[in-house]
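Good morning, and thank you for the time on today's agenda. I should like to take you through one structure, beginning at its ligand and working outwards.

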Amino acid sequence: MDTARDPSPRFDDAKAEQFAERMMTALNDAALVMMTSIGHRTRLFDSMAGRPPSSLKEIAAKVGLSDRYVREWLAVMVTSRVVDYDAVNETYHLPAEHAAFTTRAATPDNFAVAAQYIPLAAGIEDIIVDRFRTGEGVHYHDYARFHEVMAEDSGQTVVAALFDHILPLVPGLTGHLKRGIDVLDVGCGRGRAMLKLAETFPASRFQGIDLSEDAADYANASAAEAGLSNIRFTAADLSTRERFGTFDLVTAFDAVHDQKDPQGLLDSVARSLNPDGLFLMQDIGGSSHLERNADHPLGPFLYAISTLHCMPVSLAQGGPGLGTMWGEELALDMLEQAGFGNVTVERLPHDPINVYYLARA
Ligand SMILES: C[S@@+](CC[C@H](N)C(=O)[O-])C[C@H]1O[C@@H](n2cnc3c(N)ncnc32)[C@H](O)[C@@H]1O
């Protein structure tokens, strides 16, 4: 490949060639991620999973989609080595090993869910380019489908892992929930985690608070549909620095770093807990220092989501814009500042992105 030559004698041809290849791979991978999101939303992956090699017409008909679009989509999947193509019989096949990471049945290992963040964030590229000049933030309502995708994502990382992984982090917690305690989820979004807990532990009482009226309405409608009377969701700004009530357990799932006032929220949580209460905070792992994240397996993805979503939504509220990669060092400092003197940090194998802070006074 031709590379633009720097006249300097120190120009390293091999390094330039390697970088050009790296960028070409990036273009292909970006295209694959975009098409993976579409394959998820159109249920193409789901419908191809477990089926024998099939023709284009069979695949398109099964999901009721246009042949012409499905053919182009399949071409991306074949050239990306996701789908196998038999040129003699003109059939396409999604191997079981690939369905294991691209289908709803594969939850919590479905990468296609997270793939949706890239087109979701790319939808506001024009706004972000402008914000690079002005330094202003971006409002939640500028993102199409944010709460929908977020709920689907935390459906994998949180809801699917609640009983086998997350609750067992705290010895005795399941027993307390069975007997009946008061629980609050801050920044609850569509509230799927609380809904699952409310259904499982009818003797406990659950609340969720989120800035988004749409998300709170959606969560309340889900509670009504499920016939749950031990849960309610409220749309409110968590940045009042007031107590939220008195709770035995407060949870925050990926909901502290993009707040208007993250330190204020932690202070309020600390003051809303019973003396032996617990704050369970799941948030993005990684370090507060860039150089320590150099080998993070999802470093570029997480910093990109930070630039395109987590940082600007905080800035738009007048917040500090901590960013997705605020890191464990800063999180621990802020928890201590809020009065949590006893904090342990746990990692769970199903969730390589997040860490779990168990914080007590
Ligand atoms: C990354 S999402 C996580 C949502 C949810 N916990 C989940 O896991 O699906 C962060 C949430 O914090 C909420 N949020 C942001 N700023 C807020 C504020 N100032 N007050 C209340 N909620 C806020 C957002 O609306 C969003 O639902």
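**From the ligand site outwards**

By class, the shell around the ligand consists of eight nonpolar, seven polar and five charged residues. Please keep in mind throughout that what you see is a predicted model.

Which residues of this shell come nearest to the ligand? Of the 20 residues around the ligand, they are S154, G187, D210, F253 and Q317. In terms of secondary structure, the largest share of the shell is supplied by helix 9, residues 146–157, with four residues.

Let me turn to the polar atoms. Three pairs involve ligand nitrogen. A polar backbone atom of L211 is 3.0 Å from a nitrogen atom of the ligand. A polar backbone atom of L238 is 2.9 Å from a ligand nitrogen. The third pair comes from a side chain: a polar atom of the D237 side chain lies 2.9 Å from a nitrogen atom of the ligand. As for cover, the ligand on its own has 590 Å² of accessible area, and the protein covers 97% of that.

I now move to the nonpolar interior. The largest nonpolar core has 33 residues, and those touching the most other members are L177, M194, F206, I231 and F233. Several elements each supply at least two residues of this core, among them helix 10 (162–166), helix 11 (173–179), helix 13 (213–225), strand 5 (231–235) and strand 9. Which helix gives the most to this core? Helix 12 does, with five residues.

Helix 10 also offers a residue worth locating on the screen. I166 lies in helix 10. With a relative accessible area of 0%, I166 is buried. Its C-alpha atom is separated by 9.7 Å from that of E346, although I166 and E346 are 180 residues apart along the chain.

Next, the strands. Strand 6 (247–253) and strand 7 (273–284) each supply at least two residues of the core I have just described. Strand 6 and strand 7 run parallel and are joined by six bridges. One pairing you can find on the model is T251 with its bridge partner in strand 7, L280. Strand 7 is mostly covered, since nine of its 12 residues are buried.

Strand 8 (residues 342–348) and strand 9 (residues 351–360) are likewise joined by six bridges, but this pair runs antiparallel. The two strands form a hairpin, with two residues between them. Within the pairing, V343 stands opposite A359 of strand 9.

Two polar residues in these strands deserve a closer look. Is Q282, in strand 7, buried or exposed? Q282 counts as buried, because its relative accessibility is 2% and the limit for a buried residue is under 20%. The Q282 side chain makes a polar contact with the side chain of D351, at 3.3 Å.

The other is N354, which is found in strand 9. N354 is buried as well, with a relative accessible area of 7%. What does the side chain of N354 reach? One partner is the backbone nitrogen of I284, at 3.4 Å. Another is the side chain of D351, with which the N354 side chain makes a polar contact of 3.0 Å. The side chain of D351 is thus contacted by both Q282 and N354.

Finally, I would draw your attention to three places where the backbone geometry should be noted.

The first is a cis peptide bond between T107 and P108, with omega of about 15°. P108 lies in the loop between helix 5 (96–99) and helix 6 (111–115).

The second is R43, which is not a glycine and yet has a positive phi of about 65°. R43 is in the loop between helix 1 (13–41) and helix 2 (44–48). How much relative accessible area does R43 have? The value is 45%, and R43 is therefore classed as partly exposed.

The third is E90, also a residue other than glycine, whose phi is positive and near 55°. E90 is placed in the loop between strand 1 (84–86) and strand 2 (91–93). At 52% relative accessibility, E90 counts as exposed, because the limit for that class is over 50%.

To close, I return to the ligand: the protein covers 97% of its accessible area, and helix 9 contributes the largest share of the surrounding shell. Thank you for your attention.

How values were computed. Residues are numbered from 1 along each chain as its sequence is written. This is a predicted model: local features need pLDDT of at least 70, side-chain atom pairs count only at pLDDT 80 or more; totals for chains, interfaces and linings use all residues. Side-chain values use heavy atoms; hydrogens and water are left out. A residue is near a molecule or strand if one of its heavy atoms lies within 4 Å of it. A polar contact is a pair of N or O atoms within 3.5 Å; within protein, one must be able to donate a hydrogen and the other to accept it, and residues adjacent in sequence count only if both atoms are side-chain atoms. Accessible areas come from the Shrake-Rupley method with a 1.4 Å probe; for residues, only the protein chains shown count as cover. Ala, Val, Leu, Ile, Met, Phe, Trp, Tyr, Cys and Pro count as nonpolar, Asp, Glu, Lys and Arg as charged, and the others, Gly among them, as polar. Two strands pair if DSSP finds at least two bridges between them. A nonpolar core is a set of buried Ala, Val, Leu, Ile, Met, Phe, Trp, Tyr and Cys residues joined through side-chain atoms within 4.5 Å. Buried means under 20% relative accessible area, exposed over 50%, partly exposed in between (1.4 Å probe, protein chains only).
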